[in-house]
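User: Could you take a close look at the buried interior of this one for me? I'd like one connected walk through it, and I'm happy with residue-level detail.

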Amino acid sequence: MRLRFPAAALLVLALPPAAQAQPAHVSPASPLAAPAPHQRLLPLEGGRNFRDLGGYRAQDGRHVKWGLLFRSGAMHGLTAADYAYLEKRGIRVVCDFRDSRERAAQPVNWPSGAPPRLLFDDYRLDMAGMMPKGPPSGWTEADARATFTASYPRMLGQFNGQYRRMFAELLAGHAPLAFNCSAGKDRTGIAAALILTALGVPRQTVIDDYMLTNNYLDAAKMLAHGPAPANMGPGRAEKEAGGDPAAALKGLPPGVVRAFLAADPAYIEAALAVLDRHSGGPEGYLRDELGLKRADILRLRTLYLE
């Protein structure tokens, strides 16, 4: 019988055990380092992988402006102090890439007053058909890595509409803007890679930003204390684990679990390879698939680089 895993557990939870709850270790000279007074990871009590994309150096020598572009995991754990802090940051728009069940299971209750405008799609994400073939007990780490790597190019198509809407907001100057999924790694990671690519940030920096999830996300805590993801489909895994994805993952070979929870550069590189293979390369992809003409790219760089 095929074990059906939730996309929220497999496509948005990413962290090898050795990296869980570890502080970021980056050289002060690294483009990932945040010079004072800026902070890469926002100082939130209940934030999840909530960080600023500012400071990255673009190929033209300019840098991404701080305080305008934020990537995050689910925001349901934000405290009153967190909301007050974010209100001071002036976030105007939040693009929530989570599906209907994820949002219902972990709702975000912004205080009344001047909450950001929330943008999302009502859809049902089910990645069961993209799991390795055969019974789970026979899956290998290589099988899991190959499956996960193959999923990233598919996500470019799955979330094209939401990525287009995000760029439309950015072109309209509706910033500060934050975008998120459940863990802030997969759907969000691709969105961040697209934004940084459009801004002319070098490829290695784009990949390094993706890998920072390994420093800033405690995936074990997510699995242990969060509710069952909304897109856990019916089946033996859900019944036997009581809807607990952590219990379901415990039944898999350790190498498979590592692959599913890893923020592996091969995953984001698979998505970026789609851009490279497109006619005209990344710029051609941004034009043809996301509707970003050359004038739009120049406007984005004017708005978000300094």
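Analyst: Let's start with the cysteines. With sulfur atoms within 2.5 Å as the test, the count comes to zero disulfides. Keep in mind that this is a predicted model, so the values here are computed from predicted coordinates. Two cysteines still belong in a tour of the interior: Cys95 counts as buried at 2% relative accessibility, and Cys181 is buried too, with a relative accessible area of 0%.

Cys95 leads straight into the sheet, since its bridge partner is Phe179 in S5. The sheet is an open one of five strands, ordered S1-S2-S5-S3-S4, with mixed pairing. S1 and S4 (117-119) are the edge strands: each has a single partner strand, so one side of each has no neighbour in the sheet.

Now look at S5 (177-180), which sits between S2 and S3 in that order. On the S2 side, four bridges join S5 to S2 (69-72), and the two strands run parallel; within that pairing, Phe70 has Ala178 as its bridge partner. On the S3 side, S5 and S3 also pair in the parallel sense, over four bridges. S3 (93-96) then pairs with S4, again parallel, over three bridges, and there Val94 stands opposite Leu118.

So what lies on the faces of S5, and are they covered or open? Both are covered: Leu177 and Phe179 on one side, and Ala178 and Asn180 on the other, are all buried.

The lead-in to that strand is worth a look as well. The peptide bond from Ala175 to Pro176 is cis, with omega near 5 degrees, and Pro176 sits in the loop that runs from helix H5 (160-171) to S5. Just after H5 comes Gly173, which takes a positive phi of about 80 degrees.

H5 itself has 12 residues and spans 16 Å from its first C-alpha to its last, close to the 16 Å expected for it. Its buried residues are Asn160, Gln162, Tyr163, Met166, Phe167, Glu169, Leu170 and Leu171. For reading a list like that, the usual rule of thumb helps: an α-helix has 3.6 residues a turn, so residues three or four places apart point the same way.

Two of those H5 residues turn up again in the largest nonpolar core. That core has 65 residues, and the ones with the most contacts inside it are Met166, Phe167, Phe179 and Leu194. Helix H6 gives the most to this core, with eight residues. Phe167 shows how the pieces meet: leaving aside its neighbours within four places in sequence, Phe167 touches Leu194, Ile195 and Ala198, plus Leu290, Leu292 and Leu300. A second, separate core holds 12 residues, including Phe50, Phe70, Met75 and Trp110.

H6 (187-198) deserves its own stop. H6 has 12 residues and reaches 17 Å end to end by C-alpha, close to the 16 Å expected. How many of its residues are buried? The count is 12 of the 12, so H6 is largely enclosed by the rest of the structure. The list isn't purely nonpolar, either: among the buried residues are Arg187, Thr188 and Thr197, alongside Ile190, Leu194 and Leu196. After H6 comes Gly200, with a positive phi near 85 degrees.

The end of H6 is also where Arg301 comes in. Arg301 belongs to helix H15 (294-304), and at 19% relative accessibility it counts as buried, the cut-off being under 20%. Beyond its neighbours within four places in sequence, Arg301 contacts Arg62, Thr197, Ala198, Leu199, Gly200 and Arg294. One polar atom of the Arg301 side chain lies 2.8 Å from the backbone oxygen of Ala198. There's a long-range link here as well: the C-alpha atoms of Arg301 and Lys65 are separated by 9.9 Å, although the two residues are 236 apart along the chain.

Last stop, back towards the edge of the sheet. Asn49 lies in the loop between helix H1 (7-10) and S1 (51-52). Asn49 has a positive phi of about 55 degrees although it isn't a glycine, and at 2% relative accessibility Asn49 counts as buried.

Conventions:
Residues numbered from 1 in each chain as written. Predicted model: local features only at pLDDT ≥ 70, side-chain atom pairs only at ≥ 80, totals over all residues. Heavy atoms only, no water. Buried < 20%, exposed > 50% of the residue type's maximum accessible area, 1.4 Å probe, protein only. Pairing = 2+ DSSP bridges. Expected span 1.5 Å × (residues − 1). Disulfide = S-S within 2.5 Å. Core = buried A, V, L, I, M, F, W, Y, C linked by side-chain atoms within 4.5 Å. Contact = heavy atoms within 4.5 Å. Polar contact = N/O pair within 3.5 Å; in protein donor to acceptor, adjacent residues only side chain to side chain.
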